[in-house]
Amino acid sequence: MSTDVLAKLTEVLEARRQSSPEESYVSSLHHKGLNKILEKVGEESIETILAARDAEVSGKTDKLIYETADLWFHSLVMLSHLGESAQSVLDELERRFDLSGLVEKARRDQN
């Protein structure tokens with residue numbers, strides 16, 4: 001994914017967060033609070049999982065891509081609500097380069 005797209009999306013999300021809840025879906029989510037945002041992340045997670053299962057059977061991934069975009073979008077709203085951004089996630093992913101997934105998991109299990 002292009003970091004330019006994430007940077008632009010982050011800017012748009014922050015601008016819309018400051019908008020009126022009547023004029024912006026993002027603002028309305030923030031005004032409804034974290035539980036509503038988490039509900040949307042959960043809903044989009046389930047829809048993504050179902051789309052992946054369907055894609056495996058049908059070989060068509062268009063719905064999977066659509067649902068994954070929704071999941072990422074709502075995850076970014078969640079991060080924003082908690083004062084974080086996509087860059088924080090990118091930094092964490094970058095930190096994990098050259099680190100075995102098995103080693104990373106073992107480290108987490110020790111904590």
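**Core packing and the surroundings of helix H2**

In this predicted model, the protein chain has a mean pLDDT of 92, with 97% of its residues reaching 70 or more. Confidence within the chain is highest in helix H3, at a mean of 98, and lowest in helix H6 (residues 101–110), where the mean is 75.

The largest nonpolar core comprises eight residues, namely Leu6, Leu13, Val26, Leu29, Ile37, Leu76, Val77 and Ala86. Two or more residues of this core are contributed by each of helix H1 (3–17), helix H2 (25–32) and helix H4 (62–81). For the core residue Ile37, contacts beyond the neighbours within four places in sequence are made with Leu29, His30, His74, Val77, Met78 and His81.

Helix H2 has Val26, Ser27, Ser28, Leu29 and His30 as its buried residues, and the elements that cover them include H1, H3 and H4. At the start of H2, the backbone nitrogen of Val26 lies within 3.3 Å of a side-chain oxygen of Ser24, whereas just after the helix Gly33 adopts a positive phi of about 100°.

A charged side chain is also found among the buried positions: Lys40, located in helix H3 (residues 34–58), counts as buried because its relative accessibility is 13%, which falls under the 20% cut-off. When residues up to four places away in sequence are not counted, Lys40 touches Tyr25, Leu29 and His74. Leu29 and His74 also appear among the contacts of Ile37, and Leu29 is itself one of the buried residues of H2.

Notes:
Residues numbered from 1 in each chain as written. Predicted model: local features only at pLDDT ≥ 70, side-chain atom pairs only at ≥ 80, totals over all residues. Heavy atoms only, no water. Core = buried A, V, L, I, M, F, W, Y, C linked by side-chain atoms within 4.5 Å. Buried < 20%, exposed > 50% of the residue type's maximum accessible area, 1.4 Å probe, protein only. Helix = DSSP H or I, 4+ residues; strand = E, 2+ residues; numbered from the N terminus. Contact = heavy atoms within 4.5 Å. pLDDT = per-residue confidence, 0-100. Polar contact = N/O pair within 3.5 Å; in protein donor to acceptor, adjacent residues only side chain to side chain.
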